[in-house]
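This report goes through one protein model, from the whole chain down to single residues. Please look at the sequence and the structure first.

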Amino acid sequence: MKTFTLIDYSAFGLWILISFLLSYVIVRKLNFFGGEKKTQKALTIGLVAGHLLYLIWKKNLVVYSKLKFFLSN
């Protein structure tokens, strides 16, 4: 089973910082979505949650493919 390494955790931590910066630029500087602080917070949470969901999906996909390989042999 695939385990997460220090690089995986570092990349996720970096993505959190990128999410804060990206949502600040999109909402506050470019004034998208009304420019409100609640909107910025919601966008940040959505970006982080989306990336977390991708990591969970990726891990389950690897586990599923290994299970499929073992069952076929």
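What follows covers the chain as a whole, then two residues, then a surface patch.

The model is predicted. The protein chain has two helices and zero strands. Of its 73 residues, 11% count as buried. The exposed area of the protein chain is about 6000 Å², and carbon and sulfur atoms supply 73% of that area. Among contacts between residues at least 6 apart in sequence, 50% join residues at least 24 apart.

Two residues can be set side by side by location and accessibility.

| Residue | Relative accessibility | Class |
|---|---|---|
| Leu55 | 16% | buried |
| Phe32 | 46% | partly exposed |

Leu55 lies in helix α2. Leu55 counts as buried because its relative accessibility of 16% falls under the 20% cut-off. Leaving aside residues up to four places away in sequence, Leu55 touches Phe4 and Phe12. Leu55 and Asp8 are 47 residues apart in sequence, while their C-alpha atoms are 9.2 Å apart in space.

Phe32 is placed in the loop between α1 (6–29) and α2 (37–72). Its relative accessibility of 46% is neither under 20% nor over 50%, so Phe32 counts as partly exposed.

Which residues make the nonpolar surface patch of about 610 Å²? Phe32 is one of them, and the others are Leu21, Tyr24, Val25, Leu30 and Phe33. Phe32 thus joins a loop position with membership of this patch, whereas Leu55 is a buried residue of helix α2.

Key: Residues numbered from 1 in each chain as written. Predicted model: local features only at pLDDT ≥ 70, side-chain atom pairs only at ≥ 80, totals over all residues. Heavy atoms only, no water. Patch = residues over 30% accessible without salt bridge, like charges linked within 9 Å, V, L, I, M, F, W, Y side chains within 5 Å. Areas by Shrake-Rupley, 256 points an atom, 1.4 Å probe, with all protein chains shown as cover. Salt bridge = Lys/Arg side-chain N within 4 Å of Asp/Glu carboxyl O. Helix = DSSP H or I, 4+ residues; strand = E, 2+ residues; numbered from the N terminus. Buried < 20%, exposed > 50% of the residue type's maximum accessible area, 1.4 Å probe, protein only. Contact = heavy atoms within 4.5 Å.
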